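The following account leads the reader through a protein model, from its strands and sheets to its helices and its interior.

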Amino acid sequence: MLHYLSASYIYPVSSAPLKNGVIAMESDGTIQALMTAEEAKHLSAAEVTHYEGCLIPGLINTHCHLELSRLFQRIPQHTGLQAFVQQVIKFRATPDAEVMQAMQLADKQMYENGIVAVGDISNVVISKSVKVDSKVYYHTFIEVLGFNPAQAESVMQAALQLKEAFAPLKASVVPHAPYSVSPALFAEIKKYSETTDNLITMHNQETFDENLFFEEKQGAFLKLYEFLGLDIAFFKASGKTSLQTVLPQLPDGKVLLVHNTLTNEADIAFAKAVNNNLFWCLCANANLYIENRLPDVSLLKEAGLKITLGTDSLASNHQLSILAEMKTLQESQRDAGGALSFEELLPWATINGAEFLGIAEQFGSLAPGKKPGINLVQQMNGGQLTSATTIKRLI
């Protein structure tokens with residue numbers, strides 16, 4: 001038996017919005033048809049459940065650190081990335097029971113906020129049981145860190161063992177960031193990726209000092225390495241930004257670059273020339289939390305990049321909500337004298353992330369044959385999000 005949902009507007013994402021459109025849906029949430037108001041005239045009012053607001057597909061969170069959920073409200077805001085990392089290390093020793101409870105609550109929060117799929121960064125296997133039991137789809141990114149080239153092989157072997165521990169869940173082995181992975185370790189990841197379906201993501205240009213370190217071997221990262229007890233005498237500055245230095249060392253397939261706070265026009269041109277299958281993830285609220293700075297969103301948008309959205313972690317965010325990320329991005333553009341509509345933001349929050357994660361056959365848009373989840377968005381104003389805008393998961 002089919003169920004029929006209607007709303008003031010339906011946003012399929014892959015096509016124009018339908019005013020007073022109707023979704024015909026099977027009992028398990030699979031979409032059977034999308035109808036215009038005219039096409040649905042044969043249905044009686046009793047057959048259709050109508051909502052005031054907009055119906056959209058489930059949201060995709062392409063960057064999260066579920067393991068760090070235990071650090072909610074423990075790390076001060078606006079400390080800068082280096083101090084933030086030191087605080088994360090400081091709180092590393094947390095009882096497993098506390099870690100598990102925080103992850104379960106975070107997973108529930110994402111589900112209730114209309115998120116249907118997550119790209120999650122993991123350093124240990126503790127999140128596996130939460131993901132197995134979750135109603136949310138997870139792709140786990142096993143994050144490798146190793147700036148000492150002598151340790152590249154052993155670090156890679158440990159990562160591959162951790163990936164096996166996550167089986168049968170979908171997982172990849174990925175670099176943490178340019179400043180924490182040696183060329184030798186990048187080479188190990190690239191070699192592995194050439195023979196496997198290894199989806200890549202990497203933190204990118206989150207802070208001014210990241211570029212400064214690669215360009216001149218100067219800045220706050222020197223103190224971070226000292227704090228970590230790392231001898232980096234072997235490192236030579238490339239004279240280029242971090243992205244321009246390491247992107248050629250990454251595999252040629254799909255790559256998600258996360259944060260991009262200091263990415264500039266020259267970086268974008270270089271990146272396009274090196275890899276035409278790049279995705280760019282924005283984690284606006286985390287950028288504000290840590291560095292109190294946002295990427296040049298208009299630059300990224302005007303460059304025609306495939307943008308996705310992420311929440312980062314509860315260590316660096318007040319909530320795990322893609323809608324909250326959309327609100328922040330829209331407001332930031334308004335403050336800068338620009339414009340970013342809900343219709344422009346929606347693909348960033350849905351289909352682009354689904355395409356990156358390789359799950360667009362099911363998620364990311366409202367279309368016959370898909371089971372993407374359905375959310376109700378209410379209290380918008382003229383196609384714009386407001387502080388009062390809410391989201392409710394229907395399916």
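Two strands are said to pair if DSSP finds at least two bridges between them. Helices (H or I, at least four residues) and strands (E, at least two) are DSSP runs, numbered from the N terminus. The model is predicted, so that local features need pLDDT of at least 70 and side-chain atom pairs count only at pLDDT 80 or more, while totals for chains, interfaces and linings use all residues. Residues are numbered from 1 along each chain as its sequence is written, and side-chain values use heavy atoms, with hydrogens and water left out.

A hairpin makes a convenient starting point. Strand β3 (residues 22–25) pairs with strand β4 (residues 31–35) in the antiparallel sense over four bridges. Within this pairing, V22 has M35 in β4 as its bridge partner. Five residues lie between the two strands of the hairpin, where G29 takes a positive phi near 95 degrees. The loop that follows, between β4 and β5 (48–57), contains A40. Contact here means heavy atoms within 4.5 Å. Leaving aside neighbours within four places in sequence, A40 is in contact with V22 and M35, the two residues that are bridge partners in the hairpin. The C-alpha atoms of A40 and N20 are separated by 9.5 Å, although these residues are 20 apart along the chain. Because its relative accessibility is 10%, A40 counts as buried; the term means under 20% relative accessible area, with exposed meaning over 50% and partly exposed in between (1.4 Å probe, protein chains only).

Two open sheets come next. Strands of a sheet pair through backbone hydrogen bonds, either parallel or antiparallel. One sheet has four strands in the order β6-β7-β8-β9, with parallel pairing. Its edges are β6 (59–64) and β9 (171–175); each has a single partner strand, so one side of each is left without a neighbour in the sheet. On average, neighbouring strands of this sheet are turned by 20 degrees against each other, direction ignored. Axes are lines fitted to C-alpha atoms, for helices over the stretch in contact, and angles run from 0 to 180 degrees between N-to-C directions. Four bridges join β6 to the parallel strand β7 (residues 115–122), and L59 has I115 in β7 as its bridge partner. Two helices lie across strands of this sheet. Helix α2 (residues 96–112) lies across β6, β7 and β8 (137–144) and runs at about 145 degrees to β7. Helix α5 (residues 183–193) lies across β8 and β9, at about 150 degrees to β9.

The other open sheet has four strands in the order β10-β11-β12-β13, and its pairing is parallel. Here β10 (200–204) and β13 (306–309) stand at the edges with a single partner strand each, so one side of each has no neighbour in the sheet. The twist averages 30 degrees from one strand to the next. Strand β10 is joined to the parallel strand β11 (residues 255–259) by five bridges, and M202 has L257 in β11 as its bridge partner.

Attention now turns to a pair of helices. The axes of helix α6 (residues 208–216) and helix α7 (residues 221–228) come within 9 Å and cross at roughly 90 degrees. These helices are therefore roughly perpendicular to each other, a term for angles of 65 to 115 degrees. At their contact, D209, E210 and F213 in α6 meet F221, L222 and Y225 in α7. The buried residues of α6, among them N211, L212 and F214, pack against α1 (81–90), β10, α7 and α8 (242–246). Just after α6, K217 takes a positive phi of about 55 degrees.

What, finally, lies in the interior? A nonpolar core is a set of buried Ala, Val, Leu, Ile, Met, Phe, Trp, Tyr and Cys residues joined through side-chain atoms within 4.5 Å. The largest such core has 106 residues, of which M326, L329 and W348 touch the most other members. Helix α4 (residues 152–166) supplies the largest share of this core, seven residues. Apart from this core lies another, of eleven residues, including L5, A7, L18 and L366. In the loop between β13 and α12, A315 is buried, with a relative accessible area of 0%. Beyond residues up to four places away in sequence, A315 touches L68, L71, I75, F84 and Y289.

Definitions and conventions
Parallel < 35°, antiparallel > 145°, perpendicular 65-115°, else oblique.
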